[in-house]
Amino acid sequence: MSSPISTERHGDVLVITSDNPPVNALGAAVRTGLDAAIKAAIADDAVKAVVIRCAGRTFFAGADITEFGKPPVEPWLPALVDTIEASPKPVVAAIHGTALGGGLETALGCHYRIAVSSAKLGTPEVKLGLLPGAGGTQRLPRTAGIEAAVEMCATGTPISAKRALDLGLVDRIAGEDSLAADAIAFANEVIAQGPRPTRALPVKGDPAAIKAFAEANAKKFRGFDAPAAAIACVEAATRLPFDEGMAFEREQFTKLIFGTQSAAMRHIFFAERQAAKIDGVDKDIALRPINKVGVIGAGTMGGGISMNFLTAGIPVTIVEMKQDALDRGVGLIRKNYEASAAKGRFTAEQVEAAMEALTPTLSFDDLADCDLVIEAVYENMDVKKEVFGKLDRIVKAGAILASNTSYLNVDEIAASTGRAGDVLGMHFFSPANVMKLLEVVRGAKTAPDVLATVIALAKKINKVAVVAGVCHGFIGNRMLMPRQVESMKLLMEGATPAQIDKVHVEFGMPMGPFQMSDLAGVDIGWHRDPARIENIRDALCAVGRWGQKTGKGFYDYDDKRRPSPSAEVQAIIDDFAAKAGMTKRAISDEEIVERTLYPMVNEGALILAEKMAQRASDIDVVWIYGYGWPVYRGGPMFWADLEGADKIVAGLEKHGFAIAPLLKEKAETKGRFTS
């Protein structure tokens, strides 16, 4: 097998080129070839300077992810970077595309850096629960400065070549089409200056910026180990000699890579990619063209769904029943786009282009030529069947018909048409223009090419798609239900909304079940009869406690929507408990975990056994991207493996739950749900 590394002499300059598509990942063959090429350049008296560049669409964009979890192969990246830096001949990194992670660290080992203006430079390791482990935390403060280094290492957000130039991380900007020639010319210039080892440079900036950054981002980093470790490493660079700083970085990196958080985040990294693979469908199946999309319903959900396609450049026809509702929906879409434009996410031209691609109408007939129609109307089976019956008569043959239902039976909806093979569920999460998850519900008769087309389309509109089977609530909402049921029971037995929510927030959720209910609206799905009070939620709705929108739900809210415990709510809970003959008792935080989170794992085991999810990791993707499960815990099924199925079974049995056979089997065999 030929090496991905080649060399070519240009006068006094040796150009070392990596050609390892698609992203020039720094795998073992690349590292070995680079190491040999640098050593050969050092030994060759005719070579006065070296340029390291990459063929294809990018500079080194990071480590080779296929090596994760496998025994390391020498030369290790830190040693390779040190070898480059120790060269007695100047080495220039020629950067295009992205220099990320180990790619940026390789560039930092070079003595000089030249980049095209469109290049991006960053250290995204923190997104996998890691930190730059080949000297990035020690060399960045010496090139980009302390403030930029701590921000780059702790957030993983890349910077532009222009900002890198301003900071001193990049020495020169090259022409977009002349990088190789410009890099060679630059290398010839620096022969006289000689090498400039990054380790020998002084740290730039004010160390006080580190504490200020940590305090400003404390909420964002809550629960995560890697940002704190990255911050500590940059701080070490400000006070320790380089080699001691490197030793500290290695120690912190080792702790992270063998810790559960990085394992969880790497699990999700691979799980997201695995989710796009559809069991039983040929990966090369021909897809249906989607050049125009119809959306039925211009409410919050329909408008958000439309924005996904408009942003991707796909024209949308949006249908409403009444003109005022249509105008309101179109106005909200524009308002959302303009708010994003004000934050710099879109230009004014992009906003206008999106709005011009939107066709508002009151007529279903205008959907006739759409390639995909998504229904986003009231969650009522009769209403949805009526809509799909109309679509069957109007929309062209071969178009895909999708329902945005959260719970309802997609097969029953499909049966109201004469083309069940063209029907599936596309369950978007609110707000649909922001939330990444898309549950794609495969009906019993959904055609394979329909499913494959929607999964591919999801990527185009920047969604993470997961295939679900037809069952009440699919994957995410089905697992949510036992949590909600137990949370309400715990209220009756003596826990408070604040205690239950606190346990979930401390676990890493963005909010607890009652905070979530208040935000979404306590009245969602309420029967609207104040005289019919069958449970605590009915009682809250009957007295106008509909959540944050009315200033009171499970909590009272001030004018800044800050919550506080409610005496009225506690009185309602106490009244229901008394009528049910329940004696209040102290509830431990441990019991709340066992009764609200363990049942979710149990339900996940049932979902897997029923083949409603293709794989355990798909369940984890749903909960990470749709419900705010902390990514550093890897999703419910990965977390179950960390807890141990035997511990979860014991906790469930203690509280009288029926155990899913698959969960019991994992407990007995010490098996895992995730690989």
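**Note on His504 and the six-stranded sheet**

1. The side chain of His504 reaches the backbone oxygen of Ile500, at 2.8 Å. This comes from a predicted model. His504 itself is found in helix α19, which covers residues 497-507.

2. Is His504 buried or exposed? His504 counts as buried because its relative accessibility is 0%, and the cut-off for buried is under 20%.

3. Which residues is His504 in contact with, once its neighbours within four places in sequence are left aside? They are Arg483, Met509, Met511, Gly512, Pro513, Ile592, Thr596 and Leu597.

4. A second feature to look at is the sheet. Its 6 strands form an open sheet, and their order is β1-β2-β3-β4-β6-β9. The pairing is mixed. At the edges are β1 (5-10) and β9 (172-174), each of which pairs on one side only. On average, neighbouring strands of this sheet are turned by 25° against each other, with direction ignored.

5. Within the sheet, strand β4 (residues 91-95) and strand β6 (residues 112-116) run parallel and are joined by 4 bridges. In this pair, Ala93 stands opposite Arg113 of β6. As background, strands of a sheet pair through backbone hydrogen bonds, and the arrangement is either parallel or antiparallel.

6. Which helix packs on the sheet, touching β1, β2, β3 and β4? Helix α1 (residues 28-43) does so, with β2 spanning 13-18 and β3 spanning 49-54. The direction of α1 makes about 175° with that of β2.

Note on methods
Residues numbered from 1 in each chain as written. Predicted model: local features only at pLDDT ≥ 70, side-chain atom pairs only at ≥ 80, totals over all residues. Heavy atoms only, no water. Helix = DSSP H or I, 4+ residues; strand = E, 2+ residues; numbered from the N terminus. Buried < 20%, exposed > 50% of the residue type's maximum accessible area, 1.4 Å probe, protein only. Polar contact = N/O pair within 3.5 Å; in protein donor to acceptor, adjacent residues only side chain to side chain. Contact = heavy atoms within 4.5 Å. Pairing = 2+ DSSP bridges. Axes fitted to C-alpha atoms, helices over the stretch in contact; angles between N-to-C directions.
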